[in-house]
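Student: I am new to this structure and should like to understand how its descriptions are justified. May we go through the reasoning step by step?

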Amino acid sequence: FGEQKRSVAVRLGLIPQKPVVHALDGVDLTIAPGEVVGLVGESGSGKSTLGRIAAGLMTPSDGTVRVYGRDAARDKAVHRDVQMIFQDPQASLNPRLRVDQAVGEAPLVHGMTDKAGFDSYVSAQLARVGLDPAVRSRFPHQFSGGQRQRINIARALALAPRFLVCDESIAALDVSIQAQILNLFMDLRDELNLTYLFISHDLRAVQHICDRVVIMYLGRIVEDIPALQFSGAANHPYTRALLGELPDLNQRRKTWVTIKGEIPSPIDPPKGCHFHPRCPHAFDRCRVERPALAQIGAGHRSACHLNDINDQSTRQQGSL
Ligand code: SF4
Ligand code: MG
């Protein structure tokens with residue numbers, strides 16, 4: 001987040017894990033307060049890693065994470081501002097803790113409530129996510145998946161965050177429940193002026209709720225585009241493949257399983273543009289030189305050498 005408490009910024013270099021996997025490579029992402037940013041890409045793209053780093057659950061070996069102007073590595077308290085909601089609402093709740101313990105214990109430790117105010121504090125959190133405060137004394141197994149996810153959201157909100165990282169937070173839920181939880185996220189955004197990093201493989205959900213879509217491939221951001229332009233003006237060949245817009249890659253279904261080939265291993269990613277072995281437009285330069293993530297329009301960045309070829313007419317004629 002920038003100097004005037006304006007944004008969340010993540011600037012990262014290589015992140016060696018064990019074995020040496022460069023989960024993220026030169027990621028540079030700034031999120032403004034109140035923005036809803038969708039983060040998409042196949043598994044292995046590094047999107048969960050980026051989310052965990054933004055939420056303070058992982059520390060990059062290199063690079064900086066600034067949250068509301070503060071360096072997250074040096075000021076751990078900033079991480080209360082950023083809370084994470086995971087995919088599996090079952091696994092993220094301790095089965096032995098009652099709802100009031102799950103939701104209220106961390107705020108108690110942080111002095112955000114006290115013994116006397118505990119019940120009403122917890123009740124307010126539950127009411128905000130659409131749960132009857134009377135469920136306070138129940139255990140997680142007594143709830144449906146959607147209700148458990150509401151408990152997780154209440155638990156995150158109980159710490160009064162400004163920023164929520166949602167990692168596939170609706171993926172494990174029934175389709176009818178997914179829409180309810182998405183609506184809850186959007187209501188909470190308006191009510192609490194929340195900022196979101198919304199990690200998902202569900203392009204429709206992302207387009208529906210996000211202001212901006214960031215597309216990752218093998219640890220790099222390949223495109224960053226306003227959500228309204230996502231379907232019509234996607235630039236990067238990988239994004240267009242995800243959208244099923246490339247006829248030579250797209251058989252029938254508009255999903256990314258139709259992209260030619262497997263995502264390569266992040267342990268030994270292809271040289272140059274990571275996407276070149278699967279890209280129908282790859283040329284010599286793509287195999288040796290990494291394309292920079294460059295501004296190509298208002299709020300629109302893309303990392304593809306084709307953008308250096310300044311021949312608009314050729315592109316419009318469909319060679320891209
Ligand atoms: Fe394809 Fe080359 Fe663009 Fe990479 S840089 S997406 S390989 S055209
Ligand atoms: Mg993931």
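Tutor: Certainly; please note that the model is predicted. Leaving aside its neighbours within four places in sequence, Leu218 is in contact with Ser45, Ile263, Pro264, Pro266, Pro269 and His274. Leu218 belongs to the loop between strand 9 and strand 10.

Student: Why is Leu218 called buried?

Tutor: A residue counts as buried if 20 or more other C-beta atoms lie within 10 Å of its own. Leu218 has 24 other C-beta atoms within 10 Å, and is therefore buried.

Student: How far apart are Leu218 and Leu184 in sequence and in space?

Tutor: They are separated by 34 residues in sequence and by 31 Å in space, C-alpha to C-alpha.

Student: What is the strand order of the open sheet?

Tutor: Its eight strands follow the order 6-7-8-3-9-10-12-11, and their pairing is mixed.

Student: What makes strand 6 and strand 11 edge strands?

Tutor: Strand 6 (82-85) and strand 11 (294-297) each pair on one side only. On average, neighbouring strands of this sheet are turned by 25° against each other, direction ignored.

Student: How do you know that strand 10 and strand 12 pair?

Tutor: Pairing requires at least two bridges between the strands. Strand 10 (residues 220-226) and strand 12 (residues 300-302) have two bridges, in the antiparallel sense, so the requirement is met. As for individual residues, Asp224 has Arg301 in strand 12 as its bridge partner.

Student: What lies across several of these strands?

Tutor: Helix 1 (residues 47-54) lies across strand 3, strand 6, strand 7, strand 8 and strand 9, and runs at about 155° to strand 8.

Student: How do you know that the span of helix 4 is close to the expected one?

Tutor: The expected span is 1.5 Å times one less than the number of residues. For the 13 residues of helix 4 (residues 145-157) the expectation is 18 Å, and the helix reaches 18 Å from its first C-alpha to its last.

Student: Why is helix 4 called mostly covered?

Tutor: Of its 13 residues, 11 are buried, among them Ile151, Ile153 and Leu157. The elements covering the buried residues include strand 6, helix 2, helix 3, strand 7 and helix 5.

Student: Which classes of residue make up the shell around ligand 1?

Tutor: The shell has nine nonpolar, three polar and no charged residues. Cys and Pro count as nonpolar, and the residues surrounding ligand 1 include Pro237, Cys273, Cys279, Cys286, Pro291 and Cys304. Also around ligand 1 are His276, His281 and His305, among others.

Notes
Residues numbered from 1 in each chain as written. Chains lettered and ligands numbered in written order. Predicted model: local features only at pLDDT ≥ 70, side-chain atom pairs only at ≥ 80, totals over all residues. Helix = DSSP H or I, 4+ residues; strand = E, 2+ residues; numbered from the N terminus. Axes fitted to C-alpha atoms, helices over the stretch in contact; angles between N-to-C directions. Contact = placed C-beta atoms within 7 Å. Near = placed C-beta within 6 Å. Buried ≥ 20, exposed ≤ 12 C-beta atoms within 10 Å, placed from the backbone.
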